[in-house]
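Here is a small set of exercises to work through with a structure viewer open. Try each task yourself before reading its solution.

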Amino acid sequence: MKFLGKQYMVELNGCNAQLLDDTDFIGKAMTQAALRANATIVKQFFHQFSPFGVSGTIIIAESHINIHTWPEHQYAAIDIFTCSDTLLADQAIEFLEKELEAESCTTSMINRGQIG
């Protein structure tokens, strides 16, 4: 069976709440994660919510990397979608887990777009 892409869904719990609410930090960490995954960055956007939380996306030539944070719950949800066999999603996930000081990380992966 062949698929058009893979989607990684990452649950980070017990993260540093201050980091999760820092838009500049989140933007830099996500950019570094994309580079560590050998992704080609096309465009990025990050938004600070009130009273707290950050959401952001990095459009990559291989598809996208998204994050949504809930500092009040010390939680971050990350999605990595790729149509490339060469993107190193595990490298990005490990980097973000360390950068956000997560106590636990759970990752699920599903294949998307069955063809053939």
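The exercises below go from the sheet to its helices, then to the core and a few single residues, and the model they use is a predicted one.

**Exercise 1. The sheet**

Task: Work out the order of the strands in the open sheet, and find which strands stand at the edges.

Solution:
- Step 1. Trace the 6 strands across the open sheet: the order is S2-S3-S4-S5-S1-S6, and the pairing is antiparallel.
- Step 2. Look at the ends of that order. Strand S2 (41–48) and S6 each have a single partner strand, so one side of each has no neighbour in the sheet.
- Step 3. Add the twist, which averages 10 degrees from one strand to the next.
- Step 4. Check the pair that holds S2: this strand and S3 are antiparallel over 7 bridges. Within this part of the sheet, Phe-45 stands opposite Thr-57 in S3.

**Exercise 2. Helices on the sheet**

Task: Find which strands H2 and H3 touch, and give the angle each helix makes with a strand.

Solution:
- Step 1. Begin with H2, which packs on the sheet and touches S2, S3 and S4. The direction of H2 makes about 155 degrees with that of S2.
- Step 2. Move to H3, which also packs on the sheet, here touching S1, S5 and S6. The direction of H3 makes about 10 degrees with that of S1.

**Exercise 3. The buried face of H3**

Task: Which residues of helix H3 (residues 89–99) are buried, and what covers them?

Solution:
- Step 1. Pick out the buried residues: Ala-89, Ala-92, Ile-93, Phe-95 and Leu-96.
- Step 2. Look down the axis of H3. The buried residues fall within an arc of 165 degrees, so they line one face of the helix.
- Step 3. Recall the helix geometry behind such a pattern: an α-helix has 3.6 residues a turn, so residues three or four places apart point the same way.
- Step 4. Find the cover, which includes strand S1 (2–13), helix H2 (23–36), strand S5 (75–82) and strand S6 (104–115).
- Step 5. Follow the chain past the helix to Glu-101, which has a positive phi near 55 degrees.

**Exercise 4. Strand S5 and its partners**

Task: Is S5 largely enclosed or open, and how do S1 and S4 pair with this strand?

Solution:
- Step 1. Count the buried residues: 7 of the 8 in S5 are buried, so the strand is largely enclosed by the rest of the structure.
- Step 2. Take the pairing with S1, where 8 bridges join two antiparallel strands. Here Glu-11 stands opposite Ala-77 in S5.
- Step 3. Take the pairing with S4, which is antiparallel and has 8 bridges. Here Ile-67 stands opposite Ile-78 in S5.
- Step 4. Inspect the link: S4 and S5 form a hairpin with 4 residues between them. In the turn, Gln-74 has a positive phi of about 50 degrees.

**Exercise 5. The nonpolar core**

Task: Which residues have the most contacts inside the largest nonpolar core, and which elements contribute to this core?

Solution:
- Step 1. The core has 30 residues, and those with the most contacts inside it are Leu-12, Met-30, Ile-67, Ile-78, Ile-80 and Leu-100.
- Step 2. Two or more residues come from each of S1, helix H1 (17–20), H2, strand S3 (54–60), S4, S5 and H3.
- Step 3. Zoom in on Ile-78. Apart from neighbours within four places in sequence, Ile-78 is in contact with Tyr-8, Met-9, Val-10, Leu-12, Ile-65, Asn-66, Ile-67 and Leu-96.

**Exercise 6. Two polar side chains in S4**

Task: Are Asn-66 and Thr-69 buried or exposed, and what do their side chains reach?

Solution:
- Step 1. Place Asn-66 in strand S4 (residues 63–70). The relative accessible area of Asn-66 is 17%, and buried means under 20%, so Asn-66 is buried.
- Step 2. Find the partner: the side chain of Asn-66 makes a polar contact with that of Thr-57 (2.4 Å).
- Step 3. Thr-69 is in strand S4 too, and at 6% relative accessibility Thr-69 counts as buried.
- Step 4. The side chain of Thr-69 reaches the backbone oxygen of Leu-20 at 2.7 Å. Among the residues Thr-69 touches are Ile-26, Gly-53 and Val-54.

Methods:
Residues are numbered from 1 along each chain as its sequence is written. This is a predicted model: local features need pLDDT of at least 70, side-chain atom pairs count only at pLDDT 80 or more; totals for chains, interfaces and linings use all residues. Side-chain values use heavy atoms; hydrogens and water are left out. Buried means under 20% relative accessible area, exposed over 50%, partly exposed in between (1.4 Å probe, protein chains only). The arc is that of the directions from the helix axis to the C-beta atoms. Contact means heavy atoms within 4.5 Å. A polar contact is a pair of N or O atoms within 3.5 Å; within protein, one must be able to donate a hydrogen and the other to accept it, and residues adjacent in sequence count only if both atoms are side-chain atoms. A nonpolar core is a set of buried Ala, Val, Leu, Ile, Met, Phe, Trp, Tyr and Cys residues joined through side-chain atoms within 4.5 Å. Two strands pair if DSSP finds at least two bridges between them. Axes are lines fitted to C-alpha atoms, for helices over the stretch in contact, and angles run from 0 to 180 degrees between N-to-C directions.
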